[in-house]
Amino acid sequence: MLLTLPFQDYGLLLLRIIVGAIFIVHGWSKIKAKSGKFFVFLGAAETLGGIASVLGFLTQFANIGFLIIMLSAIYMKEFKWNVKFVEQEKMGWEFDAIILAATVILIILGAGSLSNSFPPFLHNDCKSDYS
């Protein structure tokens with residue numbers, strides 16, 4: 001049984017919009033920079049996933065992509081560039097960890113009822129809680 005709170009769907013909507021907006025902005029900047037085919041592809045994936053997240057369309061799938069991106073970013077910062085969690089002179093990876101946590105929440109909880117993903121095929125067990 002799904003435990004629902006009165007404003008849970010509004011919280012998920014806000015989280016979706018914020019995470020989506022972050023990926024749209026960062027993805028679009030990679031596309032505009034044109035710094036190699038990989039970064040243009042990554043930017044396109046981030047931008048399209050961000051739009052999907054904001055619209056609540058295939059939110060869990062988009063956030064699985066974001067999860068992979070954020071784990072890769074944290075790996076690069078921690079093990080390749082030796083960036084600490086919090087740095088004074090440069091950006092640590094604490095922001096990345098917050099975005100990673102938000103993507104995990106959206107993967108687990110889904111987009112909520114205020115989305116295009118809910119309820120037709122993803123959450124059959126939740127229909128009775130929202131009908």
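The largest pocket of this structure is lined by 20 residues, and K30, E46, I69, A73 and D96 are the ones that lie nearest its centre. Two or more lining residues come from each of the helices α1 (8-33), α2 (37-55), α3 (59-80) and α4 (94-109). Helix α3 gives the most to this lining, with 7 residues. The volume of the largest pocket is about 540 Å³. By character, the lining of the largest pocket divides into 14 nonpolar, 2 polar and 4 charged residues. The model described here is predicted.

**Overall fold**

The protein chain contains 5 helices and 0 strands. Read from the N terminus on, its elements therefore follow the order α-α-α-α-α, where helices and strands are taken as DSSP runs. Of the 131 residues in the protein chain, 34% are buried.

**Salt bridges**

How many salt bridges does the structure hold? The structure holds 2 salt bridges, and the table sets them out.

| Salt bridge | Closest N and O atoms |
|---|---|
| K30 with E46 | 3.1 Å apart |
| D96 with K77 | 3.0 Å apart |

In the salt bridge between K30 and E46, the pair links distant parts of the chain, with K30 in helix α1 and E46 in helix α2, 16 residues apart. Is E46 buried or exposed? E46 counts as buried because its relative accessibility is 2%, and the cut-off for a buried residue is under 20%. Both K30 and E46 are also among the residues that lie nearest the centre of the largest pocket.

In the salt bridge between D96 and K77, the pair likewise links distant parts of the chain, with D96 in helix α4 and K77 in helix α3, 19 residues apart. Both D96 and K77 are buried. D96 is another of the residues nearest the centre of the largest pocket.

**A nonpolar surface patch**

Attention now turns to the surface. Which residues make the nonpolar surface patch of about 400 Å²? This patch is made by L48, I51, L55 and F57. One of these residues, I51, lies in helix α2. I51 counts as partly exposed because its relative accessibility is 38%, and partly exposed residues fall between the cut-offs of 20% and 50%.

**Summary**

Helix α2 thus appears in several parts of this account: it gives residues to the lining of the largest pocket, it holds E46 of the salt bridge with K30, and it holds I51, a member of the nonpolar surface patch.

Technical notes:
Residues are numbered from 1 along each chain as its sequence is written. This is a predicted model: local features need pLDDT of at least 70, side-chain atom pairs count only at pLDDT 80 or more; totals for chains, interfaces and linings use all residues. Side-chain values use heavy atoms; hydrogens and water are left out. On a 1 Å grid over the protein atoms alone, a cavity is a set of points where a 1.4 Å probe fits but cannot get out, and a pocket is an open set with protein on both sides within 12 Å along at least five of seven lines; lining residues have an atom within 4 Å of a point. Grid points are joined across faces, edges and corners, and a volume is the space filled by probe spheres set on the points. Helices (H or I, at least four residues) and strands (E, at least two) are DSSP runs, numbered from the N terminus. Ala, Val, Leu, Ile, Met, Phe, Trp, Tyr, Cys and Pro count as nonpolar, Asp, Glu, Lys and Arg as charged, and the others, Gly among them, as polar. Patches are made of residues with over 30% relative accessible area and no salt bridge: like charges are joined within 9 Å, nonpolar side chains (Val, Leu, Ile, Met, Phe, Trp, Tyr) within 5 Å. Accessible areas come from the Shrake-Rupley method with a 1.4 Å probe; for residues, only the protein chains shown count as cover. A salt bridge is a side-chain nitrogen of Lys or Arg within 4 Å of a carboxyl oxygen of Asp or Glu. Buried means under 20% relative accessible area, exposed over 50%, partly exposed in between (1.4 Å probe, protein chains only).
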